[in-house]
Structure formats: structure tokens, C-alpha cells
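Here are some exercises to work through with the model open in your viewer. Try each task before you read its solution.

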Amino acid sequence: MPSRIANIAVGVSVDKTFHYLIPDELKVRVVPGARVLVSFGSRKITGTVVGFPGKAETTGLKAIIEVLDKPLTPALLELARWMSDYYMHPLGQAIEAVIPKAVGRAKPKKKKYLRLFANPPVEMAMGKKQAELVRLLTDQGETCADLLRAFSSQTIKSLREAGVIECIERDAPAPACPEAFTPGSAPSLMPEQAEAVCGINERTCAGSFAVFLLHGVTGSGKTEVYLQAIKNLAGTGKGAIVLVPEIALTPQLLSRFRRRFGGRVAVLHSGLTDRERADEYRRIQACEVDVAIGARSA
């Protein structure tokens, strides 16, 4: 019987959390912030581990079914707790507002890679294609299976069974930026723009909260202020969210930001598929993004 119990918040309109048993095989992965699949009544839903009760009755408790994804960071969990307290809203639903539901439904895409075993058999009689594959992996190291279509599944299987090569799975890399990225030099700022950027930078460097209102007609250079203020966050561990009034305005702004930041721009809005939203969220979580652009749901 599992020796630990997890306190789990689920996205229902009940202002309480629930106890679940932790199976032995999941103990290492069940940590605060972990996203898990649990049975709740007659259905299976996603919940979040928010702690571990000191004492709890184990009789009749259901067990966690599966750990779904990387855990929420302590900062995100703290934010959700603050939201729950401030707005007097169930913690589970506050967490669901922070994390896209798509993350639980759309698992990360996986790619298969082949590589040589660290200590392959000393001697093995190989056919022509087997030897060719071994030479290729010796030269290239770990190689995506999609690039090895010249070798039959039987050739790969025979080398795996003989302990010469192994197959591993990794998350598929994020798609490349659709536009060529050749960053140019930023234009010189007008005095009013430079004053705005300087003021924003002072407050972000100080780590203090502030509100700035940029006023100007269309084409007066407000977006350039945003671009340069965001660029100055590079290397500080901070990022930015740029909100647009409606989804239709996202493409034109996205194009301009990608010309400045390349592939380190994420898009988040309700017009994306579950897979697309989950992929963008995971890119942000992996610190592969400097700025996210989207409408209110971003």
C-alpha cells in the first residue's frame, strides 16, 4: 500500500481539496505542483498536487492514476493560491485559469532516436546494412529515426536485440519560426520614445510595480517602445506578454515581433488548437520564449 497521501485541488466549484493515495511507482514524480489524472465521482479529471497532509485516513481513498506533465513552478502555484484567496474562488479552478486545459489533454509529441549502446558486444557478425547503420551512428551519434528511412525495421530490430543500438524517446523539438530571422538594428528613438523606454527600464530593473500609459496616434511609434523595453529584459530571467484587443490583430503584430525576436515569440489565444496551445505553453515553461502575444486568454 502506498505510504503517502497527496492533497489535490481539482477544477470543481467546491472550496476544498481532496486526498488521494500515491502509488509506489509514482512517488518520485508526485511533487507540489504536479498535474495528475484522478478519478472524481464517475469521471476522470485533472488535478494539481498542492501538498501532503500530515495525517489522513487512508480507508476508501482512491489512488492517483497518472502524472500528466511537468509540475507547476512554485511561483505559479503561489500565484494560483493568491488568486484563490483574493477572489474567494476554489483553488482548483484558480489553477485551471493559470494552466491551459490543453496541457493535460494534449501530450507532448515524441520522437524516436537511435544511438549506440555504451558497451556494445565485442564481436558480432553483421550484414551490409547493419554495419552501415552502426558506422552512421558512430559518426553522427544519436540520430532521429525519421532520418534513417534507408534502413528497414528488421535491420534496426536485429541490432537492438543484439544489444548494439538502443531506441529512446524525446519530446519533439518545437517547429522552426516560419519566417527567416535576420535581426536588423533597431531604429533610433525619438526623444519621447527614449524617455518612455528609460522610465520603463528603471522600474523593471528595480523589480517594482509601475503602470505606464503611452499616448499617440497610429504610426507614432508606440510599438517600438514595447519592442525595445522587452528587448532590455533579455538575460534577466523575465519575459513579457503583449495583449491585443482581438485575435484578428495578432498576425500583423506577430510578424513585427518575430522580425526582432525570431522564434522566441509565442502565440496564445483561443483560436489555437489544443495541441498548439499546449505546445506554446510548454515552450514558455522551458524558457524558450521571450515574449508571448495574444488576446485576453494569453
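**Exercise 1. A residue and its neighbours**

Find out which residues Thr155 touches, leaving aside those up to four places away in sequence, and decide whether Thr155 is buried or exposed.

*Solution.* Start with the contacts: Thr155 touches Lys129, Gln130 and Leu133 once residues up to four places away in sequence are left out. Keep in mind that this is a predicted model. Next, place the residue: Thr155 is found in helix 5. Finally, look at its accessibility. The relative accessible area of Thr155 is 12%, and buried means under 20%, so Thr155 is buried.

**Exercise 2. A polar partner in the helix**

Stay with helix 5 and work out which side chain makes a polar contact with the side chain of Ser158.

*Solution.* First locate the residue: Ser158 lies in helix 5, which spans residues 153–161. Then check its exposure: with a relative accessible area of 17%, Ser158 is buried. Now look for the partner. The side chain of Gln130 makes a polar contact with the side chain of Ser158, at 2.7 Å.

**Exercise 3. Helix 4 against helix 5**

Describe how helix 4 and helix 5 pack, and list the residues that meet.

*Solution.* Two numbers are needed, as packed helices are described by the angle between their axes and the distance between the axes. For helix 4 (residues 128–140) and helix 5, the angle is about 70 degrees and the axes are 10 Å apart. Angles of 65 to 115 degrees count as roughly perpendicular, so helix 4 is roughly perpendicular to helix 5. Now go residue by residue: from helix 4 come Lys129, Gln130, Leu133 and Val134, and they meet Thr155, Ile156, Ser158 and Leu159 of helix 5. Sorted by class, the contact of helix 4 with helix 5 has four nonpolar, three polar and one charged residues.

**Exercise 4. Helix 7 against helix 8**

Repeat the analysis for helix 7 and helix 8, this time adding the handedness of the crossing.

*Solution.* Take the geometry first. Helix 7 (residues 222–231) and helix 8 (residues 250–261) have axes 11 Å apart, at an angle of about 40 degrees. Helix 7 and helix 8 are therefore oblique to each other. The crossing of helix 7 past helix 8 is right-handed. Next, list the residues: Thr223, Glu224, Tyr226, Leu227, Gln228, Ile230 and Lys231 of helix 7 meet Leu253, Arg256, Phe257, Arg260 and Phe261 of helix 8. By class, the residues of this contact between helix 7 and helix 8 are six nonpolar, two polar and four charged.

**Exercise 5. Two enclosed helices**

Determine how many residues of helix 7 and of helix 2 are buried, and name elements that cover them.

*Solution.* Begin with helix 7. Seven of its 10 residues are buried, so helix 7 is largely enclosed by the rest of the structure. They are Thr223, Glu224, Val225, Leu227, Gln228, Ala229 and Ile230. Their cover includes helix 6 (191–206), strand 9 (240–243), helix 8 and strand 11 (291–294).

Turn to helix 2 (residues 91–98). Here six of the eight residues are buried, so helix 2 is also largely enclosed by the rest of the structure. Leu91, Gly92, Ala94, Ile95, Glu96 and Val98 are the buried ones. Among the elements covering them are strand 1 (5–10), strand 3 (35–40), strand 4 (43–51), helix 1 (74–87) and helix 9 (274–285).

How values were computed
Residues are numbered from 1 along each chain as its sequence is written. This is a predicted model: local features need pLDDT of at least 70, side-chain atom pairs count only at pLDDT 80 or more; totals for chains, interfaces and linings use all residues. Side-chain values use heavy atoms; hydrogens and water are left out. Helices (H or I, at least four residues) and strands (E, at least two) are DSSP runs, numbered from the N terminus. Buried means under 20% relative accessible area, exposed over 50%, partly exposed in between (1.4 Å probe, protein chains only). A polar contact is a pair of N or O atoms within 3.5 Å; within protein, one must be able to donate a hydrogen and the other to accept it, and residues adjacent in sequence count only if both atoms are side-chain atoms. Axes are lines fitted to C-alpha atoms, for helices over the stretch in contact, and angles run from 0 to 180 degrees between N-to-C directions. Angles under 35 degrees count as roughly parallel, over 145 as roughly antiparallel, 65 to 115 as roughly perpendicular and the rest as oblique. A crossing is left-handed if the near helix is turned anticlockwise from the far one by less than a right angle, and right-handed if clockwise. Contact means heavy atoms within 4.5 Å. Ala, Val, Leu, Ile, Met, Phe, Trp, Tyr, Cys and Pro count as nonpolar, Asp, Glu, Lys and Arg as charged, and the others, Gly among them, as polar.
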